[in-house]
Amino acid sequence: MRMPGFDVVGDGGLFTTAEDMAKWNPTTLDSKLHAAGLSALMVSPGSLVTGDKLNYAMGLYLHTYRGLQTVRHGGTYGGYGAEFSVVPSANMTIAILCNTRAVEPYVLRNRIIDVYLSDRLVAPLPAAAAASSTKQSEPPKSESPLEVGDLPGSYFSDELDVRWTVLLGATDGIALQRRDLPPMALASRDTTRTHFTVTGTPAEVRFVRDASGRVAGFIPDAGDISDIRFVKLK
């Protein structure tokens, strides 16, 4: 077992089981703890000084999956991966703990919802998931540099002092990589080649262009991290 080398609580320092996690439903805390209003507070979205609402509440993401409202949070640390989700309308709690980074907990969560709540889903199955569930599906084909245009390249954020690289990948032609970490495939059904989703996660990347139509940078959105601009380096 790989253990953290520092003493923290909460993020990175929680030792639990999937069974115990399944008992923790933030939408029913007020009744369990006899604290009126706590559940509503836990899922109240934050807001910016501009008044714009976020999809991040009290340590929880507020997302919609195939028409179903979900309350969730996932994470990775020290080789482990986790996903905790609640579907309030179905009174369903999903807790997934993995001891390898080769598994994508968020993808497993989606598959569980697809199976157990199939009669409640109103939106179509995402293209990537539909392809993976088809036995005779062909492996994804890489797109040529011409088809991905000027998206590949190096991008830098002054605010974070971080550089990311957009490179040719197997999904929709591009992937996102930092340093020597494994590339993260970017998938998009957006014909303008502007909005992408990081495959296997709810995180999104939106590319922005200048007045001449050239790619000027991108803005990631991971719920609690948004509006941070990465500028494309010349």
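In this predicted model, Ser 85 sits in strand E3, which covers residues 80-87. With a relative accessibility of 0%, Ser 85 falls under the 20% cut-off and so counts as buried. Its side chain makes a polar contact of 2.7 Å with the side chain of Glu 83. Leaving aside residues up to four places away in sequence, Ser 85 touches Val 71, Arg 72, Met 92, Thr 93, Ile 94 and Arg 109. One of these, Ile 94 in E4, stands opposite Ser 85.

That pairing belongs to a wider arrangement. E3 and E4 run antiparallel and are joined by seven bridges. Both are part of an open sheet of four strands, ordered E1-E2-E3-E4 and paired in antiparallel fashion. Strand E1 (61-65) and strand E4 (92-98) take the edges; each has a single partner strand, so one side of each is left without a neighbour in the sheet. On average, and ignoring direction, neighbouring strands here are turned by 25° against each other. Helix H4 (residues 105-116) packs on this sheet and touches E1, strand E2 (68-77), E3 and E4. The direction of H4 makes about 145° with that of E4.

At the E1 end of the sheet, E1 and E2 run antiparallel with five bridges between them. Leu 62 stands opposite Val 71 in E2, and Val 71 is also among the residues that Ser 85 touches. The two strands form a hairpin with two residues in between, and Arg 66 in the turn has a positive phi of about 50°. In a regular strand, side chains alternate between the two faces of the sheet. E1 shows this pattern nicely: Tyr 61, His 63 and Tyr 65 point to one face and are buried, whereas Leu 62 and Thr 64 point to the other and are not.

Ahead of E1 in the sequence comes helix H3 (residues 38-42), where Met 42 lies. Met 42 has a relative accessible area of 14%, and because that is under 20%, Met 42 is buried. Its contacts, again not counting residues up to four places away in sequence, are Trp 24, Pro 26, Leu 29, Ala 57, Met 58 and Leu 60. The chain also brings Met 42 and Gly 59 to a C-alpha separation of 7.8 Å, although they are 17 residues apart along the chain.

Elsewhere, the largest nonpolar core gathers 18 residues, and Ile 174, Phe 207 and Phe 218 have the most contacts inside it. Five strands each supply at least two residues of this core: E6 (162-168), E7 (174-177), E9 (195-198), E10 (204-209) and E11 (215-221). E6 gives the most, with three residues. Phe 218 has a long list of partners beyond four places in sequence, including Tyr 155, Trp 164, Val 166, Leu 176, Phe 207, Ile 228 and Phe 230. A second core, separate from that one, has eleven residues, among them Val 87, Ala 90, Cys 98 and Leu 121.

Taken as a whole, the chain holds six helices and twelve strands. Of its 234 residues, 30% count as buried. Among contacts between residues at least 6 apart in sequence, 35% join residues at least 24 apart. The chain exposes about 14400 Å², with carbon and sulfur atoms supplying 57% of that area.

Notes
Residues are numbered from 1 along each chain as its sequence is written. This is a predicted model: local features need pLDDT of at least 70, side-chain atom pairs count only at pLDDT 80 or more; totals for chains, interfaces and linings use all residues. Side-chain values use heavy atoms; hydrogens and water are left out. Buried means under 20% relative accessible area, exposed over 50%, partly exposed in between (1.4 Å probe, protein chains only). A polar contact is a pair of N or O atoms within 3.5 Å; within protein, one must be able to donate a hydrogen and the other to accept it, and residues adjacent in sequence count only if both atoms are side-chain atoms. Contact means heavy atoms within 4.5 Å. Accessible areas come from the Shrake-Rupley method with a 1.4 Å probe; for residues, only the protein chains shown count as cover. A nonpolar core is a set of buried Ala, Val, Leu, Ile, Met, Phe, Trp, Tyr and Cys residues joined through side-chain atoms within 4.5 Å. Two strands pair if DSSP finds at least two bridges between them. Axes are lines fitted to C-alpha atoms, for helices over the stretch in contact, and angles run from 0 to 180 degrees between N-to-C directions.
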